[in-house]
Amino acid sequence: MILTCPNCETQYFADDSTIGESGRTVKCAACGGSWFVEPKYLDETVRRTPAAAHEIYREKVREQRRRKSRTAALLSWLVTAGLFFSLGVGAIMYRNEVVKLWPQAGSIYKQIGFNVNRFGLDFEDIQRSRTFNDTVPVVTVAGKALNISRSTVDTPAVRVDLKDEIGAVVATKYGRIRPDQLAAGESGTFQVVVEQAPMESFEIELKFVDLSDMPPRDDTPDPTTEDLMATETETPAE
């Protein structure tokens, strides 16, 4: 007869006479487990036909292989799922870094509800004023750019859009942030002067943009508010 350890499934061939009519307790040589073997756990057909006993053994071996195959497939699936989960968590936690390397990913993050700040900066202390240079309307926007990331960043440009009462852009001007680099937690300053600002401009929108997006004509130092006020109040000598 064939004995199978219920603990580790190791199988043994044993003569029926070693079990006896009343059965006996046997011990597994592989794991040390013991169990009681009934003398009638095999039917008479198996007892009388050795080929049947071998077929049962082969079927048990095949079943054991199938069980191991299913276990290996399950482990493979769990490892793959864990890998994709880790990649997903990493893509969310480091989404700003991902967008720096792949700017097109910004729209994907936005669609799934995650804000992305690929520049690692935030606006602070924004001030705006409307003055006149003679009869020319001038809008001045000044403020700070704070590095909210964990590393030093190269400062981008600032885009200022003036919008009318229905939200349409009526004027655009770019400016630089100084200094050119900001360490973590540091802030830089900027000032953007929009000359000939349309009188119908009611709203101001600020954005960080790449320096490459800045037109060459805007890549010049902006006059300060004091310079504009001086120009406004200056009168010709008599």
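Student: How many bridges pair β8 with β12?
Tutor: Keep in mind that this is a predicted model. Arg159 has Lys207 in β12 as its bridge partner, which gives you one place to look. Strands β8 and β12 run in the antiparallel sense, and the number of bridges between them is seven.

Student: Which residue in β9 stands opposite Val160?
Tutor: Strand β8 covers residues 157–163. β8 and β9 run antiparallel, with seven bridges joining them. Opposite Val160, in β9, you'll find Lys173.

Student: Which residue in the turn between β8 and β9 has a positive phi?
Tutor: β8 and β9 make a hairpin, with five residues between the two strands. In that turn, a positive phi of about 90° belongs to Gly167.

Student: Is β8 largely enclosed or largely open, and how many of its residues are buried?
Tutor: The cut-off for buried is under 20% relative accessible area. Strand β8 has seven residues, and it is largely enclosed by the rest of the structure because the number of them that are buried is six.

Student: What about the whole protein: what percentage of its residues count as buried?
Tutor: The fold has six helices and twelve strands. About 15,900 Å² is exposed, with carbon and sulfur atoms supplying 54% of that area. Of the 238 residues, the share that counts as buried is 28%.

Student: What share of the contacts with a separation of 6 or more is between residues 24 or more positions apart?
Tutor: A contact here needs heavy atoms within 4.5 Å. Take the contacts with a separation of 6 or more, and residues 24 or more positions apart account for 58%.

Student: What is the strand order of the open sheet of three strands?
Tutor: The pairing in this sheet is antiparallel. The edge strands are β5 (121–133) and β11 (187–195), each pairing on one side only. From one strand to the next, the twist averages 15°. Reading across the sheet, the order is β5-β6-β11.

Student: Which residue in β11 is the bridge partner of Ala145?
Tutor: Start with strand β6, residues 136–147. β6 pairs with β11 in the antiparallel sense over nine bridges. In β11, the partner of Ala145 is Gly188.

Student: Where is Asp134, and is it buried or exposed?
Tutor: Asp134 sits in the loop between β5 and β6. Its phi is near 60°, a positive value in a residue other than glycine. Most residues other than glycine have a negative phi. The cut-off for exposed is over 50%, so at 60% relative accessibility Asp134 counts as exposed.

Student: What is the relative accessible area of Gln196?
Tutor: Gln196 is in the loop between β11 and β12 (203–209). Gln196 has a positive phi too, near 55°. This residue is exposed, with a relative accessible area of 62%.

Student: Which two residues does a cis peptide bond join?
Tutor: Most peptide bonds are trans. For this one, omega is about 0°. Look to the loop between β9 (169–176) and β10 (181–182), where Pro179 lies. The bond joins Arg178 and Pro179.

Student: Now the charges: how far apart are N and O in the salt bridge of Glu205 with Lys207?
Tutor: Both partners are partly exposed, Glu205 with a relative accessible area of 24% and Lys207 with 38%. The salt-bridge rule asks for N and O within 4 Å, and for this pair the N to O distance is 3.6 Å.

Student: Which residues join Glu63 in one network of salt bridges?
Tutor: In the bridge between Glu63 and Arg67, N to O is 3.7 Å; these two residues lie four residues apart in helix α3 (residues 50–93), about one turn of the helix. Glu63 also forms a salt bridge with Arg70, the closest N and O atoms being 3.4 Å apart. Glu63 is partly exposed at 26%, as are Arg67 at 32% and Arg70 at 47%. Through shared partners, Glu63 is joined in one network with Arg66, Arg67 and Arg70.

Student: How much accessible area does the nonpolar patch with Leu74 have together?
Tutor: Leu74 is placed in helix α3. The patch on the surface is formed by Leu74, Leu75, Trp77 and Leu78. Together their accessible area is about 460 Å².

Technical notes:
Residues numbered from 1 in each chain as written. Predicted model: local features only at pLDDT ≥ 70, side-chain atom pairs only at ≥ 80, totals over all residues. Heavy atoms only, no water. Buried < 20%, exposed > 50% of the residue type's maximum accessible area, 1.4 Å probe, protein only. Areas by Shrake-Rupley, 256 points an atom, 1.4 Å probe, with all protein chains shown as cover. Salt bridge = Lys/Arg side-chain N within 4 Å of Asp/Glu carboxyl O. Pairing = 2+ DSSP bridges. Axes fitted to C-alpha atoms, helices over the stretch in contact; angles between N-to-C directions. Patch = residues over 30% accessible without salt bridge, like charges linked within 9 Å, V, L, I, M, F, W, Y side chains within 5 Å.
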